[in-house]
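This report goes through the overall build of one chain and then one helix pair. The sequence and model come first.

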Amino acid sequence: MLGQLFVAGVVHGLVIGLAALAVTLVFGIARFPNAAAGDTMTLGAYAGFAAHGATGSLAVAGGASVLAAAAASLAGYLLVFRPLARRPVAALLVAAIGVAFLIRAGLGLAFGHQQRVYQVPLAWPIEVMGLRISPMDLTLAGVALAALAVAFLVLYATPIGRQMRAVADDPDLARVSGIRPFRVMVALWLLAGAAAGIAGMMLGIKTVVSPEMGWESLLPAFAAAILGGIGSPVGAVAAGLVLGIAQEVSTPVVGFTYKIALAFAVLLAVLLVRPRGLFGRVEAVR
Amino acid sequence: MSLLIRDVSRSFGGFRALDRVSLEMPADGLLGVIGPNGAGKSTLFSVVSGFIPADAGTVSLDGRTLDRLGPAARARLGLVRTFQVPREFHHLTVRENLMAAAPGQSGENLLGLFFRPGRVAAEEALTAAAAQDVMDFLRLAPVAGLPAGRLSGGQKKLLELGRALMAKPRLILLDEPFAGVNAVLVQEIAARITELNARGIGFLIIEHDLQALSRLVPRLAVMDRGRVLAAGAPAEVLADARVREAYLGGVVA
């Protein structure tokens with residue numbers, strides 16, 4: 001039973017981890033809490049749902065969710081966040097909430113407010129070390145790991161990734177070093193959008209697709225980003241896994257309805273006890 | 001082929017940090033700028049590097065007006081600056097700090113990354129080799145893999161110089177390269193500057209360490225209260241009565 005919940009927690013944790021990665025990247029580089037990350041997930045879920053409905057292919061659905069979410073994320077930057085750059089964080093946060101509502105309303109208009117379900121074939125679970133794991137969970141875990149691998153390769157093994165991390169450390173120094181801020185921002189929003197899109201599709205397949213799904217995932221995503229140490233990509237993913245597993249494993253104790261409250265509890269505990277998170281480093285004050 | 005600063009003024013609130021400052025130097029020359037705190041030296045650097053706009057006046061490099069260019073664009077023209085308090089990308093390794101400052105990488109662009117991975121990889125190899133050369137030159141190779149935030153103050157100064165070198169500079173603005181650096185490293189840094197200058201890289205240097213600076217540069221400009229008081233050979237400038245009064249207070253013989 002516990003093992004079963006653990007497996008479910010890993011898959012759920014990967015979803016949270018991807019969403020938290022999107023949140024933490026934007027926080028580290030663009031320097032504001034992107035409240036639209038959840039609804040970018042929702043957009044990815046719907047794009048994947050539509051593509052899956054049309055083709056029946058999970059690969060096509062994944063591609064569609066990545067493309068749609070990345071495009072929406074970039075559009076949000078170009079149309080809203082870029083013009084507001086250098087404004088106070090509060091202004092950007094409110095703008096992000098506005099973008100979130102806009103995406104949600106658009107999806108509600110286009111797809112209606114009823115819940116949708118990905119029509120994925122049922123398959124017998126396979127036994128691995130005494131655990132029954134559904135093939136879909138394995139596929140989704142594989143998809144998430146592949147997405148994370150690409151994201152981390154871009155961040156840690158490419159010139160643009162290096163520049164993104166440089167901007168995260170010191171934006172002014174990055175400018176005098178000849179790093180073009182606009183390119184870094186475009187890459188950031190595409191990457192964050194793509195991560196949110198994949199997370200949305202996974203969540204849609206695991207649960208149901210509805211315009212509110214992403215908004216409800218925002219809190220666990222922020223909790224994981226903070227638990228992992230804000231701005232730390234590795235921390236965000238690790239904390240996402242911890243949170244996902246904790247939520248699932250605690251279900252027998254706290255009940256299905258209240259497992260979401262666990263994210264709140266973790267968030268509060270981290271903020272009170274260790275504000276810089278698990279992987280966070282003390283930042284120099286300038 | 002010169003850096004031309006003409007009638008540059010800049011105020012902050014009511015305070016005139018720069019008051020019609022004019023300076024000229026060959027782009028491959030060595031010019032030192034001295035002056036008491038608040039003389040406007042760092043503001044001059046910020047204006048020349050494009051960090052803050054001037055209220056009036058113009059800055060040009062090789063006859064090209066720079067006034068409308070931001071710091072990144074000026075850096076790509078070969079005009080790069082360092083900071084008085086050394087700054088670094090503290091989570092990036094020393095090697096990554098240097099590689100991040102290399103200009104014109106096609107891997108700066110996600111499309112290039114996915115559609116021309118071969119070209120990006122080839123460029124990365126070149127950039128890595130350039131970073132290695134710079135680390136060898138500045139003796140930073142032993143700390144190549146260390147996060148830059150863990151370097152000593154002197155090593156950070158060297159890293160600043162290294163980052164400037166990675167930008168294929170024509171002219172480097174050095175803000176107090178000797179401040180907080182031990183005597184041995186001062187010699188070391190001065191020797192590197194002389195060597196780089198012999199290779200054709202120009203330096204405009206702000207420095208408080210008058211002795212070290214006078215040995216290093218053939219020309220010195222003295223600033224006080226936002227103006228250039230005098231400019232010329234160090235001995236000549238330091239003998240100037242106005243300079244002695246404003247800056248040295250007659251203390252230094």
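The text below covers the fold, the dimensions and the packing of two helices.

This is a predicted model, in which local features need pLDDT of at least 70, side-chain atom pairs count only at pLDDT 80 or more, and totals for chains, interfaces and linings use all residues. Residues are numbered from 1 along each chain as its sequence is written, chains are lettered from A and ligands numbered from 1 in the order in which they are written, and side-chain values use heavy atoms without hydrogens or water.

Chain A has 12 helices and two strands, arranged along the sequence as α-α-α-α-β-β-α-α-α-α-α-α-α-α. Helices (H or I, at least four residues) and strands (E, at least two) are DSSP runs, numbered from the N terminus.

| Property of chain A | Value |
|---|---|
| Box of C-alpha atoms along the principal axes | roughly 60 × 45 × 35 Å |
| Accessible surface (Shrake-Rupley, 1.4 Å probe) | about 12,500 Å² |
| Carbon and sulfur share of that surface | 72% |
| Buried residues (under 20% relative accessible area, 1.4 Å probe, protein chains only) | 52% of 286 |

The radius of gyration of chain A, 18 Å, agrees with a compact globule, because 286 residues would then give a value near 19 Å. It is taken over C-alpha atoms, and the globule rule is 2.2 Å times the number of residues to the power 0.38. Among contacts (heavy atoms within 4.5 Å) in chain A between residues at least 6 apart in sequence, 79% join residues at least 24 apart.

Helix α1 (residues 2-29) and helix α10 (residues 233-249) of chain A have axes that come within 6 Å and cross at roughly 145 degrees. Axes are lines fitted to C-alpha atoms, for helices over the stretch in contact, with angles from 0 to 180 degrees between N-to-C directions. The contact of α1(A) with α10(A) involves 17 nonpolar residues, eight polar and one charged. Ala, Val, Leu, Ile, Met, Phe, Trp, Tyr, Cys and Pro count as nonpolar, Asp, Glu, Lys and Arg as charged, and the others, Gly among them, as polar.

Conventions:
Buried means under 20% relative accessible area, exposed over 50%, partly exposed in between (1.4 Å probe, protein chains only).
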